[in-house]
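Dear colleague,

Please find below the structure that I am handing over to you. My notes on what was found in it follow directly after.

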Amino acid sequence: MTRVALCQIPVDHDPETNLSTVRDALARARGADLAVFPEATLARFGPGIVETAQPLDGPFVTGLAEAAREHGTAVIAGVFEPAADGRVWNTAVALREDGSLAAAYRKIHLFDSFGAKESKLVAPGDAPAVVELAGLRIGLITCYDVRFPELARALVDQGADTFAVIAAWGSGPLKEDHWTTLVRARAIENTTWTIAVGQAPNPAIPDGFGVGRSMLVDPMGVARHDLGTGPGVLIAEIDAAWTETARATLPSLEHRRLGVHRS
């Protein structure tokens, strides 16, 4: 069993405020092997992220590492790194329980949809990432990425047995329904545990980012936990044996006919 903390926090524009929120959440997650935080935990989305972005050895990730080490808990969280072209990378960092950096995944699919234009500020990444943390092989997925089943399948083909989906999901008609449906779909079609953590709404900043609804979904698509819309920290268990049972019952990954699908 792996104990996972879903840390559904509100996010501010100020990195120091957010780091304090992360530390408080980790204290509440005491005993967890892994704590997962939302996309853009460093700073809330907006034009200011270009100036607010920090390198991975900057104060925010260094503070995350110190907190991970203090609590003996591995951490996944979203940050912004400066990119060479004047934009930023939207990066998911994965830290081991000793605070060392295990992986940094730069979001591949940018949210140029529903009237938004993430690519104005964010440069795309170009490499999927699977990281070993807390006894799991975790495929990293950031927000809009969850709409692309080929990424999740590539992560499984690289050995992922769990997905961590971090998000600052935008509100709006059907958006919350899309989130819950897509998270469950990625779990079902890959028979894979899925840890999905979004920002809680921040009442002080009514920009529409953050619908909550963080979930732990099992390999058969059952939402074992759903945090609703408010801030919260929930500790749950991932049972690797259930993945084996699900895949024996529903061996769809073995039934793929790749030569037929490809032109």
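**Annotation and overall span**

According to the unreviewed UniProt entry, the annotation "domain: CN hydrolase" covers residues 2–240. Please bear in mind throughout that this is a predicted model. Within residues 2–240, helix accounts for 24% and strand for 30%, and the C-alpha atoms at the two ends of the span lie 8 Å apart.

**Pockets**

In general, rolling a probe the size of a water molecule over the atoms shows where empty space is left. The largest pocket holds about 240 Å³ of space. It is lined by 19 residues, and those closest to its centre are F45, F111, A116, E118 and F209. By class, the lining of the largest pocket comprises 11 nonpolar, two polar and six charged residues.

The second largest pocket holds about 150 Å³. Its lining is made up of M1, T2, G135, L136, D161, T162, W193, I238, A240, T243, E244 and R247. Which element gives the largest share of this lining? That element is helix 6 (residues 240–249), which contributes four residues. The lining of the second largest pocket divides into five nonpolar, four polar and three charged residues.

**Salt bridges**

As a general point, side chains of opposite charge can pair when their charged atoms come close. The whole structure contains 13 salt bridges. Three of them are described here, beginning with a pair that includes a residue from the largest pocket.

K107 and E118 meet through their side chains in a salt bridge, with a distance of 2.9 Å from N to O. Both residues are in the loop between strand 5 and strand 6 (122–123), and they are 11 residues apart. Are these two residues buried or exposed? K107 has a relative accessibility of 1% and therefore counts as buried. E118 also counts as buried, because its relative accessibility is 8%. The pair does not stand alone, as E39, K107 and E118 are linked in a network of salt bridges. E118 thus appears twice in this account: it is in that network, and it is among the residues closest to the centre of the largest pocket.

A second salt bridge joins K117 to D112, where the closest N and O atoms are 3.7 Å apart. K117 is partly exposed, with a relative accessible area of 47%. D112 likewise counts as partly exposed, at 33% relative accessibility.

The third salt bridge is formed by R224 and D218, and the closest N and O atoms of this pair are 2.8 Å apart. The two partners fall into separate classes of accessibility: R224 counts as partly exposed at 41%, whereas D218 counts as buried at 2%.

**A strand pairing and its hairpin**

Strand 4 (residues 88–95) pairs with strand 5 (residues 101–106) in the antiparallel sense, over five bridges. Within this pairing, T91 has R106 of strand 5 as its bridge partner. The hairpin formed by strand 4 and strand 5 has five residues between the strands, and G99 in this hairpin takes a positive phi near 90 degrees. For any regular strand, the side chains alternate between the two faces of the sheet.

**Backbone features in two loops**

Which residues other than glycine have a positive phi? A134 is one of them, with phi near 50 degrees. A134 is found in the loop between strand 7 (130–133) and strand 8 (136–142), and it is partly exposed, with a relative accessible area of 23%. R213 is another, with phi near 60 degrees. The place of R213 is in the loop between strand 10 (193–198) and strand 11 (215–217).

The loop between strand 10 and strand 11 also contains G210. With a relative accessible area of 7%, G210 is buried. How far apart in space are G210 and I9, C-alpha to C-alpha? The distance is 9.3 Å, although G210 and I9 are 201 residues apart in sequence.

With kind regards

Conventions
Residues numbered from 1 in each chain as written. Predicted model: local features only at pLDDT ≥ 70, side-chain atom pairs only at ≥ 80, totals over all residues. Heavy atoms only, no water. Pairing = 2+ DSSP bridges. 1 Å grid on protein atoms, 1.4 Å probe; cavity = no way out; pocket = protein on both sides within 12 Å on 5 of 7 lines; lining within 4 Å. Points joined across faces, edges and corners; volume = space filled by probe spheres on them. Nonpolar A, V, L, I, M, F, W, Y, C, P; charged D, E, K, R; others polar. UniProt positions renumbered as here; feature names shortened; annotations may be inferred. Salt bridge = Lys/Arg side-chain N within 4 Å of Asp/Glu carboxyl O. Buried < 20%, exposed > 50% of the residue type's maximum accessible area, 1.4 Å probe, protein only.
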